[in-house]
Amino acid sequence: MLSEFGRSGVTKVAHPFASFLVRIGVTANGITLAGLVLTCAAAVALFGNGHLVAGAIVIALCTLLDLVDGAVARASDGGSPYGALVDAVSDRVADGVILASLLWWLVDAEPDNKYALGMLLSCLVLSQVVSYSKARADAGGLRTPGGLMERADRLVLILLGAGVEGLGVPWALEVAITVVAVGSFITVVQRVWGGRADYFARLHRLDSPTAGER
């Protein structure tokens, strides 16, 4: 949802800066990989050791590079299939490391909090399935909706929940990851159902008589 509403505004703001980066030789893939390394390092070092507020702030700043790399790609060669592959893989790795780092911390800090552990595991699995469902549908030529919970939505909720939890607000993380897990499940259903609808709509068009035959 955030991706759909915020993409055009971000593009307008980032384009002048992206054009400058292109002129000095900075590549979109370089920005993507730098963002991946910084995000993973911050997640492991901060979330993994219980520094939830600092981790949320630093990771949020690191993810801004994910906005810049797309703008740089559009300002240089308009983007390429290889660049899209690098970006997609980097996003999946970053998401996994962020959630795994929170899970690592929680196992040490609150090993009896089975609910939060279960929800984090659900988020870890479902976030990957959400992304895979879209990629697989695209590979098969099926159109699917973006859905309720895209990557930007998940990141905002997880970072917000972790940061507020770090400030001492009880159940903040549990609420955030529950919303993410449920929203991600709904998104998977939306995408699978949307792909199914598109598939059968195409079959119907193929089976329908042409205008000349009617």
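A residue is called buried here when its relative accessible area is under 20%, exposed when over 50%, and partly exposed in between, with a 1.4 Å probe and protein chains only. By that scale Leu148, at 33% relative accessibility, counts as partly exposed. The model is a predicted one, in which local features need pLDDT of at least 70 and side-chain atom pairs count only at pLDDT 80 or more, while totals for chains, interfaces and linings use all residues. Residues are numbered from 1 along each chain as its sequence is written, and side-chain values use heavy atoms, with hydrogens and water left out.

## Fold and confidence

The protein has 7 helices and 0 strands, and along the sequence this reads as the pattern α-α-α-α-α-α-α. Helices (H or I, at least four residues) and strands (E, at least two) are DSSP runs numbered from the N terminus. With contact taken as heavy atoms within 4.5 Å, residues 24 or more positions apart account for 79% of the contacts in the protein with a separation of 6 or more. Of the 214 residues, 39% count as buried. The accessible surface, from the Shrake-Rupley method with a 1.4 Å probe and, for residues, only the protein chains shown as cover, comes to about 11800 Å², of which 70% belongs to carbon and sulfur atoms.

The average pLDDT, the predictor's confidence in each residue from 0 to 100, is 87, and 88% of the residues score at least 70. Confidence is lowest in helix H1 (residues 2–23), at a mean of 62, and highest in H6, at 96. Where pLDDT is low, the predicted coordinates should not be read in detail.

## The salt-bridge network between H4 and H6

The structure holds 7 salt bridges, each defined as a side-chain nitrogen of Lys or Arg within 4 Å of a carboxyl oxygen of Asp or Glu. Three of the pairs are set out below.

| Pair | Closest N to O distance |
|---|---|
| Arg151 and Asp91 | 3.4 Å |
| Asp95 and Arg151 | 2.9 Å |
| Arg154 and Asp95 | 3.7 Å |

Arg154 lies in helix H6 and Asp95 in helix H4, so this pair ties together parts that are 59 residues apart in sequence. Salt bridges that share partners join Asp91, Arg92, Asp95, Arg151 and Arg154 into one network. Both Arg151 and Asp91 are buried, and the values for individual members include 6% relative accessibility for Asp95, 15% for Arg151 and 4% for Arg154. Arg154 belongs to helix H6, which spans residues 151–166. Leaving aside neighbours within four places in sequence, Arg154 is in contact with Arg92, Asp95, Ser127, Val130, Ser131, Met149, Val180 and Ser184.

## Nonpolar cores

A nonpolar core is a set of buried Ala, Val, Leu, Ile, Met, Phe, Trp, Tyr and Cys residues joined through side-chain atoms within 4.5 Å. In the largest one, which has 26 residues, Phe47, Ile59, Ile98, Leu102, Leu120 and Ile177 touch the most other members. The elements that give two or more residues to this core are helix H2 (28–45), helix H3 (52–76), helix H4 (81–109), helix H5 (114–139), H6 and helix H7 (172–207). The largest share, 6 residues, comes from H4. Ile98, one of the residues named above, is in contact with Thr39, Ala43, Phe47, Ile59, Leu155 and Ile158 when neighbours within four places in sequence are left aside. A second, separate core of 8 residues includes Ala18, Ala28, Ala71 and Ala73.

## Surface and loops

Leu148, found in the loop between H5 and H6, belongs to a nonpolar surface patch that it forms with Val182, Phe185, Ile186, Val189 and Trp193, with about 570 Å² of accessible area together. Patches are made of residues with over 30% relative accessible area and no salt bridge, in which like charges are joined within 9 Å and nonpolar side chains (Val, Leu, Ile, Met, Phe, Trp, Tyr) within 5 Å.

Trp171 lies in the loop between H6 and H7 and is exposed, with a relative accessible area of 53%. The phi of Trp171 is near 70 degrees, a positive value in a residue other than glycine. Most residues other than glycine have a negative phi, and most peptide bonds are trans.
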